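I set out to go through this structure in the order of my own questions, beginning with charged side chains and ending with empty space. These are my notes from that reading.

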Amino acid sequence: MAGGPPGGAAGRIRTRTRAELRRGRRPRSHGCWDHLYAAPLWPLHGANLGTLLRTCDAVGACMVVPRFPWVPEALARGNTLRRPACVHWTGDPLGWLKRQRDRGAHIVGVELADEAVRLADLPPARRTTVVVLGHEQQGIPPEALDLLDLAVEIPMVGTGASLNVAVAGSLALYKLAGLL
């Protein structure tokens with residue numbers, strides 16, 4: 001992809017071929033690396049879960065989801081991965097978060113809060129980290145806020161109050177994975 005000055009014939013953008021992309025990526029799905037978890041524990045919209053699962057695969061994270069009857073179909077609907085992704089199931093979101101905290105995981109909530117750190121200032125994860133994503137209208141429940149070690153805010157200049165869970169989770173995961 002070397003070339004001359006931008007805009008010149010030698011500086012044209014060339015997309016990578018599928019073979020080039022495959023050579024630079026894992027040959028198979030990752031197992032549980034126990035490093036980074038996306039935890040949309042109170043999901044509202046199903047299609048966003050499959051989209052977030054694709055991001056988990058891209059950054060080497062696992063996803064933790066509640067055992068709601070509609071969640072398996074929701075994961076499948078937005079997921080275009082050809083291989084299984086790392087998904088953990090919980091029937092008790094608060095209990096699961098408490099267990100993660102007790103074992104020393106860093107619990108980061110994506111939430112609008114006075115104490116929140118701006119996304120740009122969030123350092124990459126250096127230990128097992130859980131990214132907690134709340135309900136898209138009501139946020140993270142108050143009883144779960146007490147389990148957070150840190151809140152991170154994604155700045156917005158528009159009129160909306162929040163991003164959907166796939167977008168918010170993807171931004172936080174890429175930042176914590178050290179890819180942004």
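**Salt bridges**

I looked first for charged pairs in this predicted model, and I found that Asp34 forms a salt bridge with Arg103, with 2.5 Å between the closest N and O atoms. When I traced the two partners along the chain, they turned out to be 69 residues apart, Asp34 lying in the loop between α1 (18-23) and β1 (36-40) and Arg103 in the loop between α4 (93-102) and β4 (106-110), so that the pair links distant parts of the chain. I then looked up how open each partner is: Asp34 has 30% relative accessibility and counts as partly exposed, and Arg103, at 42%, counts as partly exposed as well.

Next I noted a salt bridge between the side chains of Asp149 and Arg101, with an N to O distance of 3.5 Å. This pair, too, links distant parts of the chain, since Asp149 sits in the loop between α5 (142-145) and β7 (150-153) while Arg101 belongs to helix α4, 48 residues apart. I recorded a relative accessibility of 34% for Asp149, which counts as partly exposed because the value falls between the 20% and 50% limits, and a relative accessible area of 34% for Arg101, also partly exposed.

I also found the side chains of Asp121 and Arg118 joined in a salt bridge at 3.9 Å, N to O, which still qualifies because the cut-off is 4 Å. Asp121 is exposed, with a relative accessible area of 52%, whereas Arg118, at 46%, counts as partly exposed. My count of salt bridges for the model comes to four.

**Strand β1 and its neighbours**

Is β1 covered on one face or on both? I found both faces covered, with Leu36, Ala38 and Pro40 buried on one side and Tyr37 and Ala39 buried on the other. That agrees with the tally I made for the strand, in which five of its five residues are buried. For the two sets of residues I kept in mind that side chains in a regular strand alternate between the two faces of the sheet.

I then checked the pairing, and β1 runs parallel to β6 over five bridges, with Pro40 standing opposite Leu133 of β6. β1 also pairs with β2 in the parallel sense, over two bridges, and there Ala38 has Met63 as its bridge partner.

**Nonpolar cores**

In the largest nonpolar core, which holds 29 residues, I found that Leu36, Val110, Val131 and Leu173 touch the most other members. Several elements supply at least two residues each, among them β1, α2 (47-59), β2 (62-66) and β6 (129-133), and α6 gives the most, with six residues. For Leu36 I listed the contacts beyond four places in sequence, and these include Val59, Cys62, Val131, Leu173 and Leu176. Apart from this core lies another, of 17 residues, including Ala39, Leu41, Ile107 and Ala144.

**A pocket**

Last, I looked for open space, and I noted about 330 Å³ in the second largest pocket. Of the 20 residues lining this pocket, Val110, Glu111, Ala161, Ser162 and Leu163 are the closest to its centre. The elements that give two or more residues to its lining are β7 and α6.

Key
Residues are numbered from 1 along each chain as its sequence is written. This is a predicted model: local features need pLDDT of at least 70, side-chain atom pairs count only at pLDDT 80 or more; totals for chains, interfaces and linings use all residues. Side-chain values use heavy atoms; hydrogens and water are left out. Helices (H or I, at least four residues) and strands (E, at least two) are DSSP runs, numbered from the N terminus. Buried means under 20% relative accessible area, exposed over 50%, partly exposed in between (1.4 Å probe, protein chains only). A nonpolar core is a set of buried Ala, Val, Leu, Ile, Met, Phe, Trp, Tyr and Cys residues joined through side-chain atoms within 4.5 Å. Contact means heavy atoms within 4.5 Å. Two strands pair if DSSP finds at least two bridges between them. On a 1 Å grid over the protein atoms alone, a cavity is a set of points where a 1.4 Å probe fits but cannot get out, and a pocket is an open set with protein on both sides within 12 Å along at least five of seven lines; lining residues have an atom within 4 Å of a point. Grid points are joined across faces, edges and corners, and a volume is the space filled by probe spheres set on the points.
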